[in-house]
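Biologist: Before I plan any work at the bench, I would like a careful, close look at one part of this model, with its surroundings described as well.

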Amino acid sequence: MNIKYIFSVVIFCFFIFHKTAFAVIPSQLDLDISSLSDQELTPIKPLLVTKERVTKISDTLFVNSQVRLNKSQSENPSRKILKETVDKFLNNTKETIEKIRRKEISIPDSTLEKKILDDLERNEIFLDSSLDDLKNDKMLSDNVYLFITSHDDNTLIITRTQIKNSSVLEIDTVMSDPANILNTNLMNEGAVKRASVENIRSIARDVRQNQPLIKKISAFVISSTLESNYRRMGFKESPCEWF
């Protein structure tokens, strides 16, 4: 597993423990690719939050893409675009956190405010740890892929993966558009739901179609929402192997 990712998880868990005095226990979940049905891999449509704060099914599907980190930005323009997106997400995440703390963004429910701040703080750590991968001269193995899920030209989810021992695809880091984190939690108009569900489906589809040697997807998660989505897809708990 990516050492930088492990370090980021430990930092975040310690940070939450320091704030709340409760330990955050990560879960390692595994998915057997052969257990998936065709229906479980079918692309899904987003749920859009309207001005009445109800959801409606979008007329258009999510758009999925991937970026490999085996070439520099000059050789791979999509990598440059992705770096700019991660950089923007990181800055916006920091700004949103500060606005919530200064009460410029009002969240009357203290429990919900804490959840949103936890989600954003985790997002900040993961974005920051991933930014180094995307720098100009940073060269990585052919086995590192980032899977991107977007809707209406807006990137919503970025997931960093790495092939391990030829037969396992590890999900290292899942990053989100901070505006969508806030809007989905508050049910604000414009929020886009189901992006993380479609993202993991797109990863599984790619593995089944293009990487037949991979038999298992492994994910190390500390987000309760992400864990719930993964478990519904068929991920099951496995012994935790950090290294």
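How many helices and strands are there in the protein, and which residues are closest to the centre of the largest pocket? I would also like to know which elements give two or more residues to its lining, and which residues of H4 are buried.

Modeller: This is a predicted model, in which local features are reported only where pLDDT (the predictor's confidence in each residue, from 0 to 100) is at least 70 and side-chain atom pairs only at pLDDT 80 or more, while totals for chains, interfaces and linings use all residues. Residues are numbered from 1 along each chain as its sequence is written, and side-chain values use heavy atoms, with hydrogens and water left out.

The protein has 6 helices and 10 strands, these being DSSP runs numbered from the N terminus (helices, H or I, of at least four residues; strands, E, of at least two). The mean pLDDT is 88, with 86% of the residues at 70 or more. Over residues 10–23, however, the pLDDT is below 50, although this stretch has 22 contacts in the model beyond near neighbours in sequence, a contact being heavy atoms within 4.5 Å. Among the contacts between residues at least 6 apart in sequence, 71% join residues at least 24 apart. Of the 243 residues, 52% count as buried, which is to say under 20% relative accessible area (exposed is over 50%, partly exposed in between, with a 1.4 Å probe and protein chains only).

The largest pocket holds about 650 Å³ of space. A pocket here is an open set of points on a 1 Å grid over the protein atoms alone, where a 1.4 Å probe fits and protein lies on both sides within 12 Å along at least five of seven lines, and lining residues have an atom within 4 Å of a point. Of its 32 lining residues, Ile157, Ser176, Ser196, Ser223 and Thr225 are the closest to the centre. Two or more lining residues come from each of helices H3 (110–131), H4 (178–186), H5 (195–210) and H6 (224–233), and from each of strands E6 (154–164), E7 (168–176), E8 (192–193) and E9 (216–221). By type, the lining divides into 15 nonpolar, 10 polar and 7 charged residues.

Among these elements, H4 is largely enclosed by the rest of the structure, because 8 of its 9 residues are buried. The buried ones are Pro178, Asn180, Ile181, Leu182, Asn183, Thr184, Asn185 and Leu186, and what covers them includes helix H2 (77–101), together with H3, E6, E7 and E8. In the loop between H4 and E8 comes methionine 187, whose phi is near 55°, a positive value in a residue other than glycine; at 23% relative accessibility, methionine 187 counts as partly exposed.

E6 and E7, which both contribute to the pocket lining, are also joined by a salt bridge (a side-chain nitrogen of Lys or Arg within 4 Å of a carboxyl oxygen of Asp or Glu). Aspartate 172 pairs with arginine 160, their closest N and O atoms being 2.5 Å apart, and the pair links distant parts of the chain, since aspartate 172 lies in E7 and arginine 160 in E6, 12 residues apart. Both partners are buried, arginine 160 having a relative accessible area of 4%. Arginine 160 is also 12 residues from isoleucine 148 in sequence, and these two are 9.0 Å apart in space, C-alpha to C-alpha. Ahead of E6, in the loop that follows strand E5 (144–151), is aspartate 153; aspartate 153 has a positive phi of about 65° although it is not a glycine, and it is exposed, at 81% relative accessible area. Most residues other than glycine have a negative phi.

H3, another contributor to the lining, carries a salt bridge of its own, between aspartate 118 and lysine 114 (2.8 Å, N to O). The two are about one helical turn from each other, because they are 4 residues apart in H3. Aspartate 118 counts as buried at 11% relative accessibility, whereas lysine 114 counts as partly exposed at 40%. Elsewhere, glutamate 104 pairs with arginine 102, with the closest N and O atoms 2.6 Å apart, and arginine 102 is partly exposed at 47% relative accessible area. These pairs belong to a total of 19 salt bridges found in the whole structure.

Terms used: Grid points are joined across faces, edges and corners, and a volume is the space filled by probe spheres set on the points. Ala, Val, Leu, Ile, Met, Phe, Trp, Tyr, Cys and Pro count as nonpolar, Asp, Glu, Lys and Arg as charged, and the others, Gly among them, as polar.
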